[in-house]
Amino acid sequence: MVTVRNPTPKLSDELFRAMQTVLDALFNQRDPTDSERDLSEAFHDLLPKRQFVDYYKLIKRPQALNPVQLNVKRKTYTAFTDFVKDCAQIFHNAKLYNRHDSVIYEDAETLEGTLSTELGKLRDANVIQQADSELPDLGPLPPPSPSGSQGSPDPEEDSAAEDEEEDEEDDAQEEEEDDGKKRRISTRRRTGKNVKDDDGEGGNESVRKDMNDPRRKRGRPPRVDTPMEVRVKNVLKALRKLKDEASGNLRINAFEKLPEKKEFPEYFQEIKNPIALDLIRKNVKRREYKTFDQFIADMELMFENAKAFNEDDSQLYQDAVMLQEEMRKAAEIEKARKDEDITGGDEGAGGGGKQLRLPLDHIPHKGENYRVGDWIHIINPNDPNKPTVGQIFRTWKDHDGQIWINACWYYRPEQTVHWENKKFYPDEVVKTGQYRDHHIDEVLGKCFVMFFTRYSRGRPKGIDPKRTPIYVCESRYNEVEKHFNKIKTWKSCIPDEVRGQDYDLDSFEKQQVLKKMPSPILHMLPADAKEDDPLPEAKMGVENAPPIIGAVFRRARRENDSPPPEPTPPPPAPMPTPAPASERPARVINPDYHETMSMTQMYKQAHLAASVTSTPTAAASPAPQHQQPHARSPMTPYASHHYTPTRQHSSQGYPSAPPSQHQNAAAAASQALPQKQYNPPAPPTTFTLPDSVTHNIPEETAAQFLRDGEGKLLWFTVPPLDAVEGAGAGLGHSVAWLARRKEIEERKRRWGVEKEERGRREKVRIVEERERQKGVAKEVLVRALDVWKEQMRASVAK
């Protein structure tokens, strides 16, 4: 319905009071299992259209509690049924948009039941008619989605991360708990068991055992509070205990948000420094307060503002006085406590025990300092050649003195399950909803991830890509739906502590055009794949590591998918048949599969491998032949603890090779393999283990192993092979290409020098011209003065 400002009321004041009674019951509804959690909080305001485009495409009549409350205050409703329809629409929209097993859906059902109960009370009291108490039929709801079945990764955790594009949404979905922790509204509630997400309370033995695992899977970073943050939360918790005796409402609720500027412009004219509890909570979450006194000062300001604007006998003034007095008492208690007596961060550890976490500002490790926000490589037990890319969200020391980090994982394209036509940038990674704890010994070194909008414009200053690999990120990855969502706001992906920071950019002379490539695991799509096949699953290995390999599926193109590729041009004329093996020595195409094997290099290796044939007969045959595995040279021993890769780049995103080699490979591939063939890269052959493992090996045993340059033990997964001398040495740029490149670079350098010289000469010319003009002006002025003097003398003589 259309909201009209202050129309003539057509309903009695009694009916509007009845509407307010219903709204009060909805606003005050609490979780039966947790009296501190406000069930209505997620339904207070409409979702931002910019972040939830899909929501407004699906929901045709968006509605929320605060707009309904505003309509009741303005008395804009002309029929009680309109009010009932608006309230019912709120919960119908939530159930239409969210999954059946989500907390939002369950809260909507609970509040819908509360609405029916309150309307029934009004009907029994003869305030409204029977027809007014019935909820309208707003349309059918979708059936339960099978994607959220038990045993799969938590879909609500991942979708919550996708929806968190702005800080305000995240703040609105969290509130203080009695135990000093936060609960995200969209966090999934386990079916059949009341198991809290990160607490070890309730549940069966398997869940309790999982709670004891320090490396268990998380949907969000663990809470690691400093003593100051614990004090802040204790003060806020104390204020939530004060309730109005008459209505039962929390007195602090009136201070949650600032009044509407359009409704109360006089408030913002009189109050010079407006502040509300939601802004204070945001500052706490972002760790803006460096001391406890700064937090208390903002709380004092909030209460003083309320007392200055409201009358002394008003309810809001009285609430401010009571809350301010209670806050001061709680602050004195907290100030009297010693830091060592305050738990820096706790978590259920099974059996009701507590696990102490002492937050750390930084962690020195292998010559580097690691802080929240740093991008890192983590040991990947499933594939040591592809360390896990992650960003640090938490750093702490446990009660045993062990140092831990919590990192958000970023998957490589070959670790995801995706559509067959999905394309990726070279060196691309995707953000996941996985937040995992790792011991500091599992950290290999630093890397860097850039948002794709900046990746095309330059590289971070002070970072050497040869020592610190740089990746690009464009999307979030939903492991349940096997879907990629383009990131709208990069700051929503990084820790709160570093959202206000930025890094300097060494800009390119010209913005680069990023080109995407087909999936590096496209060969894994079955030849008989159909669009209605069930979604495949990634191949998993050890638990605390990304998948060993992802999968590819076939689906019809959707509306929001990228446009279809342009028609394939006609094939070129067939190339001459390659010479027999006796006339040309076999070339082993197998670049060493080293620690820096990126998606670009993996894709390149796949296509080069497809061009190798065992005999001339096999090359000419149109039917696919079984290929024997190529002889591989042993890898150079490499210490993965000090991750210093050498990356290869070219203007096309692929490692370059002499033109003749590419033509031969393409010709052999076009004749030998009309269908998709692929030899996967060799598994890693050499790696090292953390010091905490190798130090436990007896000296007499360790003496039998080879060591790298730093004295670390080398481990081999396969027996040594006889290396073919010169294998793989043919790849590289031609002398002519290098000479041409050097000529172009020299020409650019000369052009730059000439441009700088021209600019210098132009500046000198401008300065000289200005001096000349000043001289001319001075001469004109002198002449004018002389003329004026002569005129004055002549006038005096007369």
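Trainee: In this predicted model, which strand pairs with β7 over three bridges?

Mentor: Two pairings of β7 may be considered. Strand β8, residues 388–398, runs antiparallel to β7 and is joined to it by four bridges, with W375 standing opposite Q391. The other pairing is also antiparallel and places I376 opposite K446. The partner that pairs with β7 over three bridges is β13, residues 443–446.

Trainee: Which residues of β7 point the other way from W375 and H377, and are they buried or exposed?

Mentor: Strand β7 covers residues 375–378, and W375 and H377 point one way from the strand. The residues that point the other way are I376 and I378, and like W375 and H377 they are buried.

Trainee: How many residues does the largest nonpolar core hold, and which of them touch the most other members?

Mentor: Nonpolar side chains tend to be buried together in soluble globular proteins. Helices α1 (13–27), α3 (65–74), α4 (80–97) and α5 (103–124) each supply at least two residues of the largest core. That core holds 30 residues, and the members touching the most others are F43, F80 and F83.

Trainee: Leaving aside neighbours within four places in sequence, with which residues is F83 in contact?

Mentor: F83 is one of the residues that touch the most other members of the largest nonpolar core. Once its neighbours within four places in sequence are left aside, the contacts of F83 are M19, V22, L23, V68, V72 and Y77.

Trainee: How many residues are in the other core, which lies apart from the largest one?

Mentor: The members of this other core include M228, M299, F303 and M327. It lies apart from the largest core, and its number of residues is 27.

Trainee: Which residue forms a salt bridge with R251, and what is the distance between the closest N and O atoms?

Mentor: R251 lies in the loop between α9 and α10, and its partner is in helix α13 (residues 315–336), 68 residues apart, so the pair links distant parts of the chain. R251 counts as buried because its relative accessibility is 7%, and the partner likewise counts as buried at 7%. The network of salt bridges that includes this pair also contains D244 and E245. The partner of R251 is D319, with the closest N and O atoms 2.4 Å apart.

Trainee: How many residues apart are E481 and R99, which form a salt bridge?

Mentor: The closest N and O atoms of E481 and R99 are 3.2 Å apart. E481 counts as partly exposed because its relative accessibility is 32%. E481 is in the loop between β16 (470–478) and β17 (483–486), whereas R99 is in the loop between α4 and α5; the pair links distant parts of the chain, and the separation is 382 residues.

Trainee: Which residue of helix α20 forms a salt bridge with E769?

Mentor: The two partners both lie in helix α20 (residues 735–797), three residues apart, about one turn of the helix. E769 counts as partly exposed at 28% relative accessibility, and its partner is partly exposed with a relative accessible area of 47%. The closest N and O atoms are 2.6 Å apart, and the partner of E769 is R772.

Trainee: With the side chain of which residue does the side chain of E263 make a polar contact?

Mentor: E263 is found in the loop between α9 (227–239) and α10 (265–270). Its relative accessibility is 26%, so E263 counts as partly exposed. The polar contact spans 2.3 Å, and the residue on the other side is R74.

Trainee: Is K482, a residue with a positive phi, buried or exposed?

Mentor: Most residues other than glycine have a negative phi. K482, which is not a glycine, has a phi near 55° and lies in the loop between β16 and β17. The cut-off for burial is under 20% relative accessible area. K482 has 8%, so K482 is buried.

Trainee: What is the relative accessible area of N126, and is N126 buried or exposed?

Mentor: N126 also has a positive phi, of about 60°, although it is not a glycine. N126 is located in the loop between α5 and α6 (155–163). A residue counts as exposed over 50%. The relative accessible area of N126 is 69%, so N126 is exposed.

Terms used: Residues numbered from 1 in each chain as written. Predicted model: local features only at pLDDT ≥ 70, side-chain atom pairs only at ≥ 80, totals over all residues. Heavy atoms only, no water. Buried < 20%, exposed > 50% of the residue type's maximum accessible area, 1.4 Å probe, protein only. Polar contact = N/O pair within 3.5 Å; in protein donor to acceptor, adjacent residues only side chain to side chain. Core = buried A, V, L, I, M, F, W, Y, C linked by side-chain atoms within 4.5 Å. Contact = heavy atoms within 4.5 Å. Salt bridge = Lys/Arg side-chain N within 4 Å of Asp/Glu carboxyl O. Pairing = 2+ DSSP bridges.
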